[in-house]
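Colleague: I am new to this structure and should be grateful for a close look at a single part of it. Please explain each term as it arises, and then place that part within the whole.

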Amino acid sequence: MKQVSFSQLMTYVRCPEHWLFRYKLGIRRQPRKVFKHGFALHETLQYHFEQKKEDGRGLKLAEAQEFFVHSFGNALEDYKQELAEARPYLTREYLSKEKHVRIEDMIDTGLKGLETYFQHLNPFIHPDLIEEPFTFQVSPNLEVVGRIDMTDTGGVIHELKTTRVSPNKQDIRSDAQISIYQVGYKSITGKAPRGISKDYIVLSKNNSRIVRFKVVRPFLDKKTVARNITAIMEAARGNIFYCMHPAESWICSKEWCSYYTLHQELKKLGLHAFLEKYSIPLALP
Ligand code: SF4
């Protein structure tokens with residue numbers, strides 16, 4: 001049985017070209033301090049949820065903050081190594097942007113973000129499943145594997161994110177990530193979730209806050225999810241890779257995307273010549 005991971009699928013949803021560089025060329029290259037920061041916050045909250053599930057209380061704010069600083073420090077050690085390995089491929093602009101991201105500011109916003117979480121959201125969340133693995137089949141020879149961040153004892157799936165800009169109001173019913181989580185949840189518990197909640201900690205030096213988007217009794221069409229996943233897999237096998245941001249975009253920029261030099265090369269050569277150059281089979285296997 002062939003497997004595809006949840007994160008692979010989300011990579012294609014967000015940027016098909018990224019899939020080409022990451023999974024066909026096998027280039028893992030995203031050394032960014034901000035990712036390490038997000039990872040450290042995620043790890044801190046995950047540990048807190050595990051403790052809270054066990055003893056009903058979890059970490060105190062000061063303990064969570066200490067855990068975060070420690071975890072971020074470790075992640076930054078990895079970052080240094082990743083940056084050294086990737087340096088020859090990164091643009092000057094990318095490196096300059098990274099250099100100007102101040103660690104002290106990141107620690108500060110992380111600590112404030114945790115404070116906001118503990119004040120405004122923590123009392124209402126009673127964790128049940130934490131980083132629970134799931135598997136479900138979408139066709140006779142393909143299954144999806146992944147993990148659900150967290151669900152609460154009321155059967156609500158929570159997707160906790162940190163962001164620096166206030167998120168737009170969005171319909172999370174049509175969110176690809178949440179749809180896959182819903183199918184995953186059912187495969188673990190045998191039941192549909194009672195609700196879904198996308199919880200954002202908006203990180204800011206002076207005004208950290210919580211923004212939530214919730215859906216009660218969500219409806220999910222599993223067949224459509226399976227059809228979309230199959231379509232992504234067929235597209236990737238058939239070398240359908242394109243830039244999601246054809247207009248001038250801050251995402252496809254020298255400063256932001258670590259694949260920017262490859263992106264430019266692809267634009268210049270065209271997909272056919274690019275695949276040939278990197279010895280990627282042109283025809284479907
Ligand atoms: S440059 Fe743009 S299209 Fe290319 S991988 Fe980066 S984000 Fe995707």
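**Glu131 and the paired strands**

Modeller: Glu131 is exposed, having 12 other C-beta atoms within 10 Å. The term depends on a count of other C-beta atoms, placed from the backbone, within 10 Å of the residue's own: 20 or more make a residue buried, 12 or fewer make it exposed, and anything in between makes it partly exposed. The model is a predicted one, in which local features need pLDDT of at least 70 and side-chain atom pairs count only at pLDDT 80 or more, while totals for chains, interfaces and linings use all residues. Residues are numbered from 1 along each chain as its sequence is written.

Glu131 belongs to strand β2. Its phi is near 50°, which is a positive value in a residue other than glycine. Most residues other than glycine have a negative phi. Strands, like helices, are DSSP runs numbered from the N terminus; a strand is a run of E with at least two residues, and a helix is a run of H or I with at least four.

The strand that holds Glu131, β2 (residues 127-139), pairs with β3 in the antiparallel sense over 9 bridges. Two strands are said to pair if DSSP finds at least two bridges between them. Pro127 has Asp152 of β3 as its bridge partner, and a hairpin of 2 residues joins β2 to β3.

Strand β3 (residues 142-152) also pairs with β1, here in the parallel sense and over 4 bridges. Lys2 has Leu142 as its bridge partner in β3. A further pairing, antiparallel and made by 2 bridges, joins β3 to β4 (residues 156-163), and Thr151 has Ile157 of β4 as its bridge partner. The hairpin of β3 and β4 has 3 residues between the strands, and there Gly155 takes a positive phi near 80°.

Strand β4 contains Glu159, which counts as partly exposed because 18 C-beta neighbours lie inside 10 Å. Apart from neighbours within four places in sequence, Glu159 is in contact with Asp149, Gln177, Ile178, Lys198 and Asp199; contact requires the C-beta atoms of two residues, placed from the backbone, to lie within 7 Å. Glu159 is also 9.3 Å from Tyr181, C-alpha to C-alpha, at a separation of 22 residues in sequence.

A further pair is formed by β5 (residues 195-202) and β6 (residues 209-216), which run antiparallel over 8 bridges. Val202 has Arg209 of β6 as its bridge partner, and the hairpin of β5 and β6 has 6 residues between the strands.

Asn239 offers another case of a positive phi in a residue other than glycine, with a value near 55°. Asn239 is found in the loop between α8 and α9 and is partly exposed, with 17 other C-beta atoms within 10 Å.

The helices may be introduced through α1 (residues 6-14), where Leu9, Thr11 and Tyr12 are buried. These residues span an arc of only 155° around the axis, the arc being that of the directions from the helix axis to the C-beta atoms, which puts them on the same side of α1. The elements covering the buried residues of α1 include β1 (2-5), α2, α7 (176-189) and α8 (222-237).

As for the whole, the protein chain has 10 helices and 6 strands. Its radius of gyration is 20 Å, close to the 19 Å that the globule rule gives for 285 residues, so the chain is as compact as a globular protein of that length. That radius is taken over C-alpha atoms, and the rule is 2.2 Å times the number of residues to the power 0.38. The C-alpha atoms fill a box of roughly 55 × 50 × 30 Å, taken along the principal axes. Buried residues account for 26% of the 285 residues. Of the contacts between residues at least 6 apart in sequence, 70% join residues at least 24 apart.
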